[in-house]
Structure formats: structure tokens, C-alpha cells
2 protein chains.
Amino acid sequence: MSEPRDTLFRYLTMLQLIPRFPGRIATPVLKEKLAERGFNIDTRSLQRDLSQKLSTQFPIGCDDSQKPYRWYFDRDFQCQLPALDVPSALTLVLAEEYLKGLLPPVVVGQLSPHFTDARKLLDDMSANGLSQWARKVRAIPNGKALIPAEINEATWQTISQALLEQKAVDVIYLSRTSHSEKAFTLHPQGIVSRHSATYLLAHVDGFKDLRQFALHRVKQATLSQQPWQEQHDFDVDEYIKGGAFGYRQGPSDVVLEADIAKPVAWLLQETPLSDTQSIEALPDTDGWYRLTAHVPDDQQTLWWLMGMGPNIKVTAPHAWRETIKTNAEQMLAHYAIESSSSS
Amino acid sequence: MSEPRDTLFRYLTMLQLIPRFPGRIATPVLKEKLAERGFNIDTRSLQRDLSQKLSTQFPIGCDDSQKPYRWYFDRDFQCQLPALDVPSALTLVLAEEYLKGLLPPVVVGQLSPHFTDARKLLDDMSANGLSQWARKVRAIPNGKALIPAEINEATWQTISQALLEQKAVDVIYLSRTSHSEKAFTLHPQGIVSRHSATYLLAHVDGFKDLRQFALHRVKQATLSQQPWQEQHDFDVDEYIKGGAFGYRQGPSDVVLEADIAKPVAWLLQETPLSDTQSIEALPDTDGWYRLTAHVPDDQQTLWWLMGMGPNIKVTAPHAWRETIKTNAEQMLAHYAIESSSSS
DNA sequence: GCACTTGCGACATTATATGTCGCAAAAAAG
DNA sequence: CTTTTTTGCGACATATAATGTCGCAAGTGC
């Protein structure tokens, strides 16, 4: 069945089977995988291809310390097949700027070959014209950028692999309360990335309840021998809505009614709160508008409203209005006490 | 010089020269570009390669309505050369979730082949084990996700190209104030993506001042015949610090001092405000801590502090303390008036 | 120590890639 | 509208590269 469906295509397949550096693949394994894909080829040819063709034209390395040689791609090599175009490269640069504040460095690092590729393309473009794109493009994150928690690279790889391949993991975990390291066997059910921290949702071996484990407190992780315990019908959205991350969400949307100042009105006209929002000018006010919108009944919307400070006056739902009012009272109380005691 | 440096490599080069769909490349152009890269090959060979080898093995199309045939890749085809590994695929999924709330759909769409690729890999993995990764992985954005403003795809492509290639653009722009469409020739100097809206910084032809143009209000954009006007020493960071986007920043960092409640202390221990922060327990309080940190003197930090509401009590800098206090007073005033007038 | 696997040089054979030529159809130029 | 140029394509001969086979040496595992 070794139809000459082209050497090119076989090479391409080989290149796709060779993993990036931390990984490696032994020659006989490669031969088998190629056979699975319909390339029945002699071992000798494979050896020749690897050592004479591919590794001379591509940044491919070979670990020849053991006898079934193992092959791998250079850590930072990347090759898009339809090459990157300019708009995509620009998008990647923007994406990287945003993600740097949202995901741990190691996780973003996982994508660094892509970003490097994009920057190289832009650099090449600028080479002639000195366009200095780096001084022209910027992403402003949505809120204050906290410094993302550091995660160990091997941890991320092991945990993500375990989650997707449905395996248990043995971890050494630094508990938040006791400051002591403990060993657990965990059965991963989900991953949630929130703000700048990333959490694994998992059962501890032998227990039925789901717990959160901050990935940056995982000191070490290895795939476990234990069989994986599944929680049937786990749904991360349900879990989040249940309030586990401080984002409790009511069962249905609510109707938000508020008076908003002009800057907020402009903002919302361009990037609406929801599909159904309406904004109408209020007569006899100095640039105030009436906002009505169906929004989810969640913490984030409430925080957004509070973040707008005096530029927004919520009238409904009543519960939000009261929360905001109480909040302001408490804040003021803090400062009133403070100033009387300190001055 | 037509060294047989391998057909494989030439094919690879050809594949990289063929653009993704909206783009296309004519056979003679391809020949020329190949020659530039050292592949001196006969036209006939090129034709054979394209029509018999590449287009049968790859999703490559050909526009044969005009005589110099034009070749292009399928719109959604993607081929990573070291194939995606599992951790990278998971990272891409998380990245997409975050970016969907941060960049206009069209811009994220620019990267969709990458994301599709990642999802396909995860699907394939789950095929046997039914791991349903889609129900296991979630990113919770930092703040309220407003609906990103829609941008026309062609607009994004034209504008990004113009910016990087230092060309002027003719646009039809819907001005915010007058609600009327106007035609301008713009000289792009930078792009800023903020929250969910993206802005072009450019000179209007014939003027010296820099203005902001929201990309979602650009109705049409084409590369202009006008030569591009450069602004010397333009630096987008300087521009932003100048306060143009409401993010005025003081010249130097300030020392933040505040009392924080336990939940905030925990948050900041994991994702610090800055490299130099210190948190110490306050005696005789019910779980309050003293925070000291060097932070930038900018709007975003201030907003973040205000967002923490009664869980944080700022003592220094004095200006921030006063701003927060005034803010709370104004908010309370709103609701006091409101409740007395309405009830 | 022994069977087994793996890498590699050499060689013959097959398969493939490449340039050349001629023709036809389509653009471009006049 | 005609002429010239460009482009695509089938055919063919030839050079070139790719592939399987064999033998040997060196490592690996029992």
C-alpha cells in the first residue's frame, strides 16, 4: 500500500509527529506511527530521512545517548503553514499584551513560539522602513493588572495532560492555611483561570467533595498510578455559578435601571452591557442618561457598577441599589473614623 | 545556482509563499519570489508542482478565471510544524476565552485557525475517553465583560497593513458627535486596544495634531495614494501616559499604604500588586492587615482600590484617600437624594 | 554471554523530478 | 481587429533522487 502518495507528504507527516523539545520520539515509534497513517516505509529510509534530510534543513535535534535514537524539534522553532499575514501578526502582538497580565508567565510561554513568530514578521517588515511597530501598538488591560502567580512549567504540563487524558495526579501541595507541604493524589475535574491565578478543581483521593487547588501552590506533580475517579455530570459553568469563585449568579437575568453620566453613556454606546440595552437622554439634567438593560445577576456586573462610582445611579434592582448604598456608607465610615482618630 | 538543496525545502517555501484565502498569488510572481530565495526553477516545474503535487495534497485553491492563475490556501487551513501539544492546546483555549471579551470578534477571528486547531486536537483526544474538555475549562475575565464593538474585517486588514507599511489610508468615518459620515485621509501612527474597543491614532491629512479614531466607526478603509506623513519620535506609551485614554500617570511611583481585610490580603499574597509589596497582620483587629507597596501613580490602580470597596482603607497617598472619600460621599449623596425624593 | 535491536555505509533498482519543445488559448499591445 | 506576448499544459528524454536490501558493528536487555 506504499502508494507514492508523495514523499513530500510523508516528510510533512514526520515533521508533525516529532514533538517540540521537552518531548522526543524514538525512531521505531515514529516508524510505527507512520505506518498507522499509511506510510509503510523501510526503517532504513526513515533513518536516512531523519539524519540526512530533515535534521539538515530543520532545527531538529537527536538524542543519541541511548540506542533507539530520539528526535525532537528545537524548543522555539515554529512554522505556520500558510505563513502569517500582517493583520494576524498584529493581532497576536495585541493578544500577547493582554494575556501577559491574565495568565501565568509559564502558560503564556507555552505560546511564545507563536508570538515570537509574529514579532519576527513585523520586525522583518520594519527592517527597511524603520517602522518601529513596537512603539505603535499597545493593549490597555481592563482593570488593574496584578502580577500573575508563578506556576512551575512541569506542573502546568502534567496537570493539563492529566485533566485531558483523565488521569489522576500525585501532587505536593503547599496549603494556604497551614503553610506546610502535603502530598495528595488528585482526580482532576476542571481548570479555572480567574484574574491572574489558575485553579485546578479536583477530588482528593478517597473523598467525594470537589476542592480548589491553586496551581502556583503545587510544588510538584506527577501522573499517578491510581485510576481516575470521575464525577459524573461535572460542569464547570454550574460550579462557577454556584458561587465557588465569588461569582454567584442568580438563576435568571435581571433588569438593570440606572441614571448614567455622559462619559458612561458614551462608553456603553460603543461597548454595550448587553444586546438589549437602551440609553435615553434625561431632560433637565446636565448630560445624564437613563439606562435600561437585561444583565446577568452576577457579582461581576455589580462590581462594574460600583467601579463607575458617582457616574452611575442604580435604581433597580432594589437589592443592588441597597448593596451599593451600604457599600458607600461603610467606606465613608472607615474614613470618618480614620480622620477623626488621626487628625 | 539551482543546487538541489532538496525539493522538500522548495515545496515548503512555496507553501509559505501562498497566502490564505482573501489573498492570492500569481504563478509568475511565485516563480520570481522563489528565485529570490535561491530556487531557480523552470516555470513548467512550478506549474506542475502547484497543480499536481500541492493542490492535491493540500487545501489549496486556484482562481483560473484569468490567465495568470492565482493560488491561495483555504481560508481555515492551518498546519503547525511542530504539531500542537496538549498543554499548548489547553492554553490556546483559555487564551481564546479571555480574548473574546477583549478584542473585537473580527480580530479574534483572525486567529481562529489557531484556536480551531487547538479545539480539534482536544476533541480528538476526547474521542475515545469522552473527556468533554469543553465542560472542564473556563476563564473568568477580570472585570465585567462588555460586548466588544464590531469591526469590519476589511477595515482591520487595511488599517493594520497601513500602520505597519507606513501608508496613508482613505477612510469613511462616522463621527461620534455629528452622526454624519465624513471622508478623511489618515496617516496612522499607532493602534491602542482598550477594554473592548480599538482605536487608531492618526493625523488627518494636512493637520499636525494626533486624533483618535474608533475602528468600529470606520465604515470603509482603502490604502491611499497620498504619501505617509510621519510624526517623529511618536511613542504610544508616552501618548497613553499623557492621559489620552483616561489613564493619566504620574511621573513616578507612589507608596501605597492601606489597611486591608482578610480576603484582600489573601488575594494579594497570591497575585501581588507589585514586586515590593509587604503585608503584615494588624494586632487587635478582626483579621485586618497592613499593606505597603510601591505602585504606579495611575488611574487603574486607583480604580482597583475603589473596586475593593469597604475591604480596603487607604491611608496614603493622601490624594488617593481624599479621592476615594469624595467618591463615596458623592455616591451616597446620589442615593440619599434618590430615596428621599422617590419614597 | 547471547539473542535482539538499532544505526549506517554501499549498491542496484525503481521512481521521480526537471528542462525542453510544441501547441493552444488567453491577455496585452498595437 | 490584428499582432505579439504571456501562460498553461501534454509529451518526452534525462538526470537525479528515493527506496529496499544486505552486511557489519555497536549498543540493549535478559
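User: In this predicted model, in which sense do strand 10 and strand 13 of chain A pair, and over how many bridges?
Analyst: The model is a predicted one, and in it strand 13 of chain A covers residues 312-316, while strand 10 of chain A covers residues 254-261. Within this pair, A:Ala258 has A:Val314 of strand 13 as its bridge partner. The two strands of chain A, 10 and 13, pair in the antiparallel sense over 4 bridges.

User: Which strands stand at the edges of the open sheet of 4 strands in chain A?
Analyst: The strand order in this open sheet of chain A is 11-12-10-13, with antiparallel pairing. An edge strand here pairs on one side only, and the edge strands of the sheet are strand 11 (278-281) and strand 13 of chain A.

User: What is the average twist from one strand to the next in the sheet of chain A with the order 11-12-10-13?
Analyst: The sheet in question is the open one of 4 strands in chain A, whose order is 11-12-10-13. From one strand to the next, its twist averages 20°.

User: Which residue of strand 12 of chain A stands opposite A:Glu280?
Analyst: Strand 11 of chain A pairs with strand 12 (residues 288-295) of chain A in the antiparallel sense, over 4 bridges. In strand 12 of chain A, the residue standing opposite A:Glu280 is A:Arg290.

User: Is strand 13 of chain A largely enclosed or left open, and how many of its residues are buried?
Analyst: A residue counts as buried when its relative accessible area is under 20%. Strand 13 of chain A is largely enclosed by the rest of the structure, because its buried residues number 5 of the 5.

User: Which residues of helix 9 of chain B are buried, and what covers them?
Analyst: The cover includes parts of both chains: strand 7 (197-204) and strand 8 (210-214) come from chain A, whereas strand 10, strand 11, strand 12 and helix 10 (299-307) come from chain B. In helix 9 (residues 262-270) of chain B, the residues buried beneath this cover are B:Val264, B:Ala265, B:Leu268 and B:Glu270.

User: Which residue takes a positive phi in the hairpin of strand 7 and strand 8 of chain A?
Analyst: Strand 7 and strand 8 of chain A pair in the antiparallel sense over 5 bridges, and A:Leu200 stands opposite A:Phe213 of strand 8. The hairpin has 5 residues between the strands, and the residue with a positive phi, near 95°, is A:Gly206.

User: How are chain A and chain B related to each other?
Analyst: Chain A can be laid on chain B with an RMSD of 0.1 Å, by a turn of 180° and a shift of 0.0 Å along the axis. The two copies are therefore related as by a two-fold rotation axis.

User: What share of the contact residues of chain A recurs in chain B?
Analyst: The same surface serves both copies, and the share of the contact residues of chain A that recurs in chain B is 100%.

User: Are helix 7 of chain A and helix 4 of chain B roughly parallel or roughly perpendicular?
Analyst: Helix 7 (residues 153-165) of chain A packs with helix 4 (residues 86-100) of chain B at an angle of about 85°, and their axes are 8 Å apart. Angles of 65 to 115 degrees count as roughly perpendicular, so helix 7 of chain A and helix 4 of chain B are roughly perpendicular. Among the residues that make this contact are A:Trp156 and A:Leu164 on helix 7 and B:Val86 and B:Leu94 on helix 4. The answer is thus roughly perpendicular.

User: Is A:Gln80 buried or exposed?
Analyst: A:Gln80 lies in the loop between strand 3 (70-73) and helix 4 of chain A. Leaving out residues up to four places away in sequence, A:Gln80 touches residues of both chains, including A:His114, A:Asp117, B:Gln80 and B:His114. Because its relative accessibility is 2%, A:Gln80 counts as buried.

User: What distance separates the C-alpha atoms of B:Arg194 and B:Phe245?
Analyst: B:Arg194 belongs to strand 6 (residues 181-194) of chain B, and at 18% relative accessibility B:Arg194 counts as buried. Not counting residues up to four places away in sequence, B:Arg194 touches A:Tyr98, A:Ile140, B:Tyr199, B:Phe245 and B:Tyr247. Although B:Arg194 and B:Phe245 are 51 residues apart along the chain, their C-alpha atoms are separated by 8.3 Å.

Note on methods:
Residues are numbered from 1 along each chain as its sequence is written. Chains are lettered from A and ligands numbered from 1 in the order in which they are written. This is a predicted model: local features need pLDDT of at least 70, side-chain atom pairs count only at pLDDT 80 or more; totals for chains, interfaces and linings use all residues. Side-chain values use heavy atoms; hydrogens and water are left out. Copies are superposed by least squares on the C-alpha atoms of residues with pLDDT of at least 70 in both. Contact means heavy atoms within 4.5 Å. Buried means under 20% relative accessible area, exposed over 50%, partly exposed in between (1.4 Å probe, protein chains only). Two strands pair if DSSP finds at least two bridges between them. Axes are lines fitted to C-alpha atoms, for helices over the stretch in contact, and angles run from 0 to 180 degrees between N-to-C directions. Angles under 35 degrees count as roughly parallel, over 145 as roughly antiparallel, 65 to 115 as roughly perpendicular and the rest as oblique.
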